[in-house]
Amino acid sequence: MPLKLEIVTPEARIYSDEVDTVVLPGYEGEMGVLPAHSNLVTTLLPGELRITKGGKTIELAVGEGLVEVTGNVTRVLTDVAVDAEKIDEKAAEEAIARAQKALSELKPGEHQEEVAAAMAAIQRATAHLNIKRKRRTV
């Protein structure tokens, strides 16, 4: 029995199809989901999401979000999901530089929300760069 995968961002449904497996980035590291996986809800971290279907692998850069697995359905709700081929390496590098500059201008112990936002931006952009550079060397 195949695994139904849905990936949704605030803007659109990015992916909806039956797949063989999906590998997600989480707090404990990478998590693989196969058909008939145990039910669970977990946190998605910025990183690489890999979908395998019919021997082919699709790689997406994803941001923060939630993953819900129920029976043979996996739903990924994330703030961003981008195909590796559509990642703009220069834009990702610029995003990291802007976030690092913002962090350096904050005083320690203050502005915790701004620190968290800047750190999240760095994680997302770094994930995008890693995926883009990995694809270039393959």
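Start by selecting Leu-5, Ile-7, Val-22, Leu-24, Leu-49, Ile-51 and Val-76: these residues have the most contacts inside the largest nonpolar core, a group of 17 residues. Keep in mind that the model is predicted. In soluble globular proteins, nonpolar side chains tend to be buried together.

Next, colour the elements that supply this core. Two or more residues each come from β1 (3–8), β2 (13–19), β3 (21–26), β6 (47–53), β7 (56–62) and β8 (65–70). Which of them gives the most? That is β1, with 3 residues.

**One core residue**

Stay in the core and select Leu-24, one of the residues with the most contacts there. Show its surroundings, leaving out residues up to four places away in sequence. Leu-24 then touches Gly-29, Glu-30, Met-31 and Val-33. The list continues with Leu-44, Leu-49, Val-67 and Val-76. Two of these partners, Leu-49 and Val-76, are also among the core residues with the most contacts.

**The sheet**

Now switch to a cartoon view and select β4, β3, β6, β7 and β10. In that order they form an open sheet of 5 strands with antiparallel pairing. Where are the edges? They are β4 (29–33) and β10 (81–83), each of which pairs on one side only. Look along the sheet to see the twist, which averages 25° from one strand to the next.

Inside the sheet, pick out β6 and β7. This antiparallel pair is joined over 7 bridges. For one example, select Thr-52 and then Thr-57, its bridge partner in β7.

**Two residues to compare**

Go to strand β1 and select Glu-6. Is Glu-6 buried or exposed? Glu-6 counts as buried because its relative accessibility is 17%, and the cut-off for buried is under 20%. Beyond its neighbours within four places in sequence, Glu-6 is in contact with Arg-13, Tyr-15 and Ser-16, and also with Thr-74, Arg-75 and Val-76. The last of these, Val-76, was in the opening selection of core residues.

Then move to strand β2 and select Ile-14. Its relative accessibility is 37%, so Ile-14 counts as partly exposed. With neighbours within four places in sequence again set aside, Ile-14 is in contact with Ile-7, Val-8, Thr-9 and Ala-81. Of these partners, Ile-7 was also in the opening selection.

To finish, add Lys-4 and draw a distance to Ile-14 between the C-alpha atoms. How far apart are Ile-14 and Lys-4 in space? The distance is 14 Å, and the two residues are 10 residues apart in sequence.

How values were computed
Residues are numbered from 1 along each chain as its sequence is written. This is a predicted model: local features need pLDDT of at least 70, side-chain atom pairs count only at pLDDT 80 or more; totals for chains, interfaces and linings use all residues. Side-chain values use heavy atoms; hydrogens and water are left out. A nonpolar core is a set of buried Ala, Val, Leu, Ile, Met, Phe, Trp, Tyr and Cys residues joined through side-chain atoms within 4.5 Å. Buried means under 20% relative accessible area, exposed over 50%, partly exposed in between (1.4 Å probe, protein chains only). Helices (H or I, at least four residues) and strands (E, at least two) are DSSP runs, numbered from the N terminus. Contact means heavy atoms within 4.5 Å. Two strands pair if DSSP finds at least two bridges between them. Axes are lines fitted to C-alpha atoms, for helices over the stretch in contact, and angles run from 0 to 180 degrees between N-to-C directions.
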